[in-house]
Amino acid sequence: MAEPADTETGGEKGEAEQESTAKLILYAILDCLAVIGRSIFAVLSFFWSMVRSCCYPVKEGFARCVDRYKEWKTPYTRKKSASNVPQFTYGPSYGSSGSWP
């Protein structure tokens, strides 16, 4: 059995220092891995935003092309008003002269 004097002189102190050193090394390795992980995430996020912003005009152009084709193929679906439908106006235009009748 170990005497109390041995524990005071460093019997377990060496193990505590080794544990402390191991923790420091482990934390340093984890910090390095965290920096690498954040850097990879930042690069991939930047790459994804560039892909999205470059593909958007292509997608919109394709959608416009499809819409024009559908209007050409089925002209009855075109959004235009009939020519002889009365229109509603709001405001003080009381005829062509603009005066009260």
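## Briefing on a predicted two-helix model

Glutamate 60 counts as partly exposed, because its relative accessibility of 27% falls between the limits of under 20% for buried and over 50% for exposed. The structure in which this residue sits is a predicted model, and its secondary structure consists of two helices and zero strands. Of the 101 residues of the protein, 0% count as buried, and the accessible surface of the protein comes to about 10000 Å², with 64% of that area belonging to carbon and sulfur atoms.

**The salt bridge**

- A search of the whole structure finds one salt bridge, and the two residues whose side chains meet in this contact are glutamate 60 and lysine 59, with a distance of 3.4 Å from N to O.
- Lysine 59, the partner of glutamate 60 in that salt bridge, has a relative accessible area of 49% and is therefore partly exposed.

**The aromatic pair**

- The whole structure, when searched for aromatic pairs, yields one, formed by the rings of tyrosine 69 and tryptophan 72, whose centres are 5.8 Å apart and whose planes stand at 40 degrees, so that the pair is described as tilted.
- The word tilted applies because an angle under 30 degrees would count as stacked and one over 60 as edge-to-face, while the planes of tyrosine 69 and tryptophan 72 are at 40 degrees.
- Both tyrosine 69 and tryptophan 72 lie in helix 2, where they are three residues apart, which is about one turn of the helix.
- Tyrosine 69 is partly exposed, with a relative accessible area of 47%, whereas tryptophan 72 has a relative accessibility of 63% and so counts as exposed.

**The nonpolar surface patch**

- Ile25, Leu26, Tyr27, Ile29, Leu30, Leu33, Ile36, Ile40 and Leu44 make a nonpolar surface patch of about 890 Å².
- Leucine 26, one of the residues in this patch, has its place in helix 2, the helix that covers residues 13-73.
- With a relative accessible area of 45%, leucine 26 is partly exposed, and this value is consistent with the requirement that patch residues have over 30% relative accessible area.

**Aspartate 67 and arginine 78**

- Aspartate 67 is also found in helix 2, and its relative accessible area of 44% makes this residue partly exposed.
- Between aspartate 67 and arginine 78 there is a separation of eleven residues in sequence, and their C-alpha atoms are 9.9 Å apart in space.

How values were computed. Residues numbered from 1 in each chain as written. Predicted model: local features only at pLDDT ≥ 70, side-chain atom pairs only at ≥ 80, totals over all residues. Heavy atoms only, no water. Patch = residues over 30% accessible without salt bridge, like charges linked within 9 Å, V, L, I, M, F, W, Y side chains within 5 Å. Areas by Shrake-Rupley, 256 points an atom, 1.4 Å probe, with all protein chains shown as cover. Salt bridge = Lys/Arg side-chain N within 4 Å of Asp/Glu carboxyl O. Helix = DSSP H or I, 4+ residues; strand = E, 2+ residues; numbered from the N terminus. Buried < 20%, exposed > 50% of the residue type's maximum accessible area, 1.4 Å probe, protein only. Phe/Tyr/Trp six-rings, centres within 6.5 Å; stacked < 30°, edge-to-face > 60°.
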